[in-house]
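Q: I would like a close look at one part of this model, followed by a connected account of the surrounding pieces. Please keep to the geometry and the contacts.

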Amino acid sequence: MNDVFITKASTYLPNEPVSNDEMESYLGLVNDTPSKARALILRNNQIKTRYYALDKNSQPTHTNAQITAKAVEGLFDENFTKEDIQLLSCGTTSADQIQPSHASMVHGELKVGKSIEINTSTGLCNSGMNAFNYGFLSVKAGVRDNAVCVGSERFSAWMTADKFNHEAENLKLLEERPIIAFKREFLRWMLSDGAGALLLENKPRENSISLKVEFIDFYSYAHEIEACMYSGCEKQEDGSLKSWADYSSDEWLKQSLFALKQDTKLLDQYILVKGAESLRASFDKHQLDPEKIDHVLAHISSGYFKDGLKEEFAKKGMDFPWEKWYYNLSEVGNIGAGSIFIALEELMNSGKLKKGEKVLLCVPESGRFAYSCALLTVC
């Protein structure tokens, strides 16, 4: 079995940063009316700027595949060109189409002059880590000498006003059941666009930062908890999901079946507790000492969870002091599957890492509550 190293990281964020006050200039006003929920949601999530693959007419400037390809291109240099890629592994929530696969479309955008292995991981925030794990295991097993792993999102196309305008056709329903309106609008002010790419190789690079991947662990609690974040379906009273394929095409629009929705009550109840539980399991499995961790990169969807996550970790005997935590949520926004890659790239190129230090990655997914973590060693 080979050792596996992250030898380079790259980020692509489309266009210019968008401030809170500018958001509706890009996404548009739903039924020409400013949002009543926006200010509250932004105050809680503590995001100040984010990036959209849109212009101010809500017209797309990039596809997800193009954003992803741009991040991958940032990995190329005199030591590694696009013709050197052996495996391309891509994770996303927001692929541009149902089929072909997202990785197929990225491969096409890159115009690599040969056939390569591709892998697509779909889901929510953990789809990036799933893509990372596929590349890690392939290089570790010696099947490939290198792997390019990417997490990306283009959520903005899902959040433009035209996707929401029809909901006000039944104003009485929304007035009687405001929680439905809030669920559908909540994520509009939370999510944004971008991509982060990692190059995995079986040798570290000389005279530059490389990170040895010690392990990647995954945990799912779908056997205990119903779906919290979902799209392409509607949640039933018993907690089950009814697929878009079981509705008529007329109902697809009326029911907002393809809108990304989140049950915020379930989110508050489980996201932090299960995150701490899963990380404790990994620390026990690998016999890790929390005091030996030097940098903690935890993907959070909102600054609202920042203090609570630290507290839940501490309850499980993993009390990481604030100076070890590394966040860039307020500057780049919540980019779902790409967030942990983008934070790691920023840390790798910050000049803060020292040989021998341990970097912990933690990623929650509220879909049906799945979690991942990874340990990296600076070399």
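Is Gln 46 buried, partly exposed or exposed, judged by its relative accessibility? Please start there and then work through the helix packing.

A: The model is a predicted one. In it, Gln 46 has a relative accessibility of 38% and therefore counts as partly exposed, since that class runs between the 20% limit for buried and the 50% limit for exposed. The residue sits in the loop that joins α2 (38-45) to β3 (49-50). Its backbone has a positive phi of about 60°, although Gln 46 is not a glycine.

Gln 287 can be set beside it. This residue is not a glycine and has a positive phi of about 55°. Gln 287 lies in the loop between α9 and β13 (295-298). With a relative accessible area of 74%, Gln 287 is exposed, because the value is over 50%.

Another backbone feature belongs to the loop between β4 and α4, where Pro 100 is placed. The peptide bond leading from Gln 99 into Pro 100 is cis, with omega near 0°.

Helix α4 (residues 102-110) in turn packs with helix α3 (residues 64-73): the two axes come within 9 Å and cross at roughly 60°. The pair is therefore classed as oblique. The crossing of α3 past α4 is right-handed. On the α3 side, the contact is made by Asn 64, Ala 65, Gln 66, Thr 68, Ala 69, Val 72 and Glu 73. On the α4 side, it is made by His 102, Met 105, Val 106, Glu 109 and Leu 110. Sorted by class, this contact holds six nonpolar, four polar and two charged residues.

Helix α3 is mostly covered, with seven of its 10 residues buried. These are Asn 64, Ala 65, Ile 67, Thr 68, Ala 69, Ala 71 and Val 72. Helix α4 is one of the elements against which the buried residues of α3 pack. They also pack against the strands β1 (5-12), β4 (87-92), β6 (146-154) and β7 (193-201).

Leu 110 gives a residue-level view of the α4 side, as it is found in that helix. A relative accessible area of 4% is under the 20% limit, so Leu 110 is buried. Setting aside neighbours within four places in sequence, Leu 110 is in contact with Ala 69, Val 72, Glu 73, Phe 76, Lys 82, Ile 85 and Leu 88. For Leu 110 and Glu 73, the C-alpha atoms are separated by 7.8 Å, and the two residues are 37 residues apart along the chain.

A second helix pair is formed by α9 (residues 264-285) and α10 (residues 306-315). These helices pack at an angle of about 40°, and their axes are 9 Å apart. The pair α9 and α10 is therefore oblique, and its crossing is right-handed. From α9, the residues in contact are Leu 272, Val 273, Gly 275, Ala 276 and Leu 279. From α10, they are Gly 308, Leu 309, Glu 312 and Phe 313. This contact divides into six nonpolar residues, two polar residues and one charged residue.

Residues 284-364 carry a UniProt annotation, from an unreviewed entry, that reads "domain: Beta-ketoacyl-[acyl-carrier-protein] synthase III C-terminal". In the model, the end C-alpha atoms of residues 284-364 lie 19 Å apart, and the span is 32% helix and 14% strand.

Helix α12 (residues 339-348) is largely enclosed by the rest of the structure, because nine of its 10 residues are buried. The buried set consists of Ser 339, Ile 340, Phe 341, Ile 342, Ala 343, Leu 344, Glu 345, Leu 347 and Met 348.

The last residue to look at is Ser 372, which is found in strand β15 (residues 370-378). Its relative accessibility is 4%, so Ser 372 counts as buried. Not counting residues up to four places away in sequence, Ser 372 touches Asn 126, Met 129, Asp 217, Phe 218, Leu 361, Cys 362 and Val 363. The C-alpha atoms of Ser 372 and Cys 125 are separated by 9.7 Å, with the two residues 247 residues apart along the chain.

How values were computed
Residues numbered from 1 in each chain as written. Predicted model: local features only at pLDDT ≥ 70, side-chain atom pairs only at ≥ 80, totals over all residues. Heavy atoms only, no water. Axes fitted to C-alpha atoms, helices over the stretch in contact; angles between N-to-C directions. Helix = DSSP H or I, 4+ residues; strand = E, 2+ residues; numbered from the N terminus. Parallel < 35°, antiparallel > 145°, perpendicular 65-115°, else oblique. Left-handed = near helix turned anticlockwise from the far one by under 90°. Contact = heavy atoms within 4.5 Å. Nonpolar A, V, L, I, M, F, W, Y, C, P; charged D, E, K, R; others polar. Buried < 20%, exposed > 50% of the residue type's maximum accessible area, 1.4 Å probe, protein only. UniProt positions renumbered as here; feature names shortened; annotations may be inferred.
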